[in-house]
Amino acid sequence: MKKLPLGIQNFPEIRRDNYVYIDKTSLALKMADSGKYYFLSRPRRFGKSLFLDTLKCLFEGRKELFKDLFVYDRWDWDKAYPVRFSHRGEQIQQDESFFRIKQPDGYHPR
Ligand SMILES: Nc1ncnc2c1ncn2[C@@H]1O[C@H](COP(=O)(O)OP(=O)(O)OP(=O)(O)O)[C@@H](O)[C@H]1O
Ligand SMILES: [Mg+2]
């Protein structure tokens with residue numbers, strides 16, 4: 001029986017270690033082919049992080065991870081793009097007011 005990927009948001013890990021993966025690559029393909037900006041408004045634990053990591057791997061052209069998934073024969077693997085995530089947390093930590101207001105015990109800013 002396949003393992004459930006409890007708490008795993010890393011697409012390469014899920015694919016390489018043969019965890020259960022519900023194929024959402026048709027949605028990724030649809031999003032890549034239409035629209036421009038997306039706001040993923042889903043409740044907690046609905047797969048947002050894993051889906052973003054899936055998109056990242058797709059745009060990076062990591063073909064080997066998508067074998068047997070919907071997108072495999074439908075994606076142009078000759079193209080690869082750099083993908084960068086920008087998390088709001090980074091900005092907050094750069095803002096010195098963050099350090100004034102909230103510094104947990106033993107926390108040393110870089
Ligand atoms: N397509 C999928 N197939 C199998 N398991 C999945 C899939 N998408 C998400 N999961 C699993 O569901 C759980 C929640 O996924 P994830 O952490 O990506 O959700 P989230 O919406 O980002 O959650 P949070 O709101 O807590 O940040 C994880 O254990 C993940 O491995
Ligand atoms: Mg998440």
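**Figure 1. Helix H3 and its length.** In this predicted model, does H3 come out with the span its residue count suggests, or not? At 1.5 Å a residue, the twelve residues of H3 should span 16 Å, and the end C-alpha atoms of H3 are 17 Å apart, which agrees. Just after this helix comes Gly 61, with a positive phi near 75 degrees.

**Figure 2. The buried side of H3.** Which residues of H3 are buried? They are Thr 54, Cys 57 and Leu 58. Looking down the axis of H3, you'd find its buried residues within an arc of 100 degrees, so they line one face of the helix. What covers them includes helix H1 (residues 11-16) and helix H2 (residues 25-33).

**Figure 3. Thr 54, up close.** Thr 54 sits in helix H3. Why does Thr 54 count as buried? Because 26 other C-beta atoms lie within 10 Å of its own, and 20 or more is enough to be called buried. Leaving out residues up to four places away in sequence, Thr 54 touches Phe 11, Lys 24, Thr 25 and Ala 28. Take Thr 25: Thr 54 and Thr 25 are 29 residues apart in sequence, yet their C-alpha atoms are 7.9 Å apart in space.

**Figure 4. Phe 11, a partner of Thr 54 from helix H1.** Phe 11 belongs to helix H1. Phe 11 is buried too, with 23 other C-beta atoms within 10 Å. What does Phe 11 touch, not counting residues up to four places away in sequence? The answer is Leu 50, Asp 53, Thr 54, Cys 57 and Leu 65. Two of those names should ring a bell: Thr 54 and Cys 57 are among the buried residues of H3. There's also Leu 52, which is 41 residues from Phe 11 along the chain, with 9.0 Å between the two C-alpha atoms.

**Figure 5. Ile 14, also in helix H1.** Stay in helix H1 and you'll meet Ile 14. Ile 14 has 19 C-beta neighbours inside 10 Å, so it counts as partly exposed; the cut-off for buried is 20 or more. Its contacts, again without residues up to four places away in sequence, are Pro 5, Ile 8, Tyr 19 and Tyr 21. Lys 3 is eleven residues from Ile 14 along the chain, and their C-alpha atoms are separated by 9.5 Å.

**Figure 6. Two loop residues with a positive phi.** Here we leave the helices for the loops. Asn 18 lies in the loop between H1 and H2. Asn 18 isn't a glycine, but its phi is positive anyway, about 60 degrees. Asn 18 counts as exposed because it has 10 C-beta neighbours inside 10 Å. Asp 68 is found in the loop between H3 and H4. Asp 68 isn't a glycine either, and its phi is positive as well, about 70 degrees. Is Asp 68 buried or exposed? With 8 other C-beta atoms within 10 Å, Asp 68 is exposed.

**Figure 7. Arg 84 in the loop before H4.** Arg 84 has its place in the loop between helix H3 (48-59) and helix H4 (88-94). Arg 84 counts as exposed because it has 6 C-beta neighbours inside 10 Å, and 12 or fewer is the cut-off for exposed. How far apart are Arg 84 and Lys 56 in sequence and in space? They're 28 residues apart in sequence and 8.3 Å apart in space, C-alpha to C-alpha.

**Figure 8. The surroundings of ligand 1.** There are 17 residues around ligand 1. Which of them come nearest? Those are Pro 5, Gly 47, Lys 48, Ser 49 and Leu 50. You've met Pro 5 already as a contact of Ile 14, and Leu 50 as a contact of Phe 11. Sorted by class, the shell has eight nonpolar, four polar and five charged residues.

**Figure 9. The whole chain, and how far to trust it.** Now for the full view. The protein chain has five helices and zero strands. Of its 110 residues, 7% count as buried. Among contacts with a separation of 6 or more, residues 24 or more positions apart account for 49%. The mean pLDDT is 87, and 79% of the residues reach 70 or more. Which element has the lowest mean pLDDT, and which the highest? Helix H5 (residues 96-101) has the lowest, 55, and H1 has the highest, 98. Where pLDDT is low, the predicted coordinates shouldn't be read in detail.

Technical notes:
Residues numbered from 1 in each chain as written. Chains lettered and ligands numbered in written order. Predicted model: local features only at pLDDT ≥ 70, side-chain atom pairs only at ≥ 80, totals over all residues. Near = placed C-beta within 6 Å. Nonpolar A, V, L, I, M, F, W, Y, C, P; charged D, E, K, R; others polar. Helix = DSSP H or I, 4+ residues; strand = E, 2+ residues; numbered from the N terminus. Expected span 1.5 Å × (residues − 1). Arc of directions from axis to C-beta. Contact = placed C-beta atoms within 7 Å. pLDDT = per-residue confidence, 0-100.
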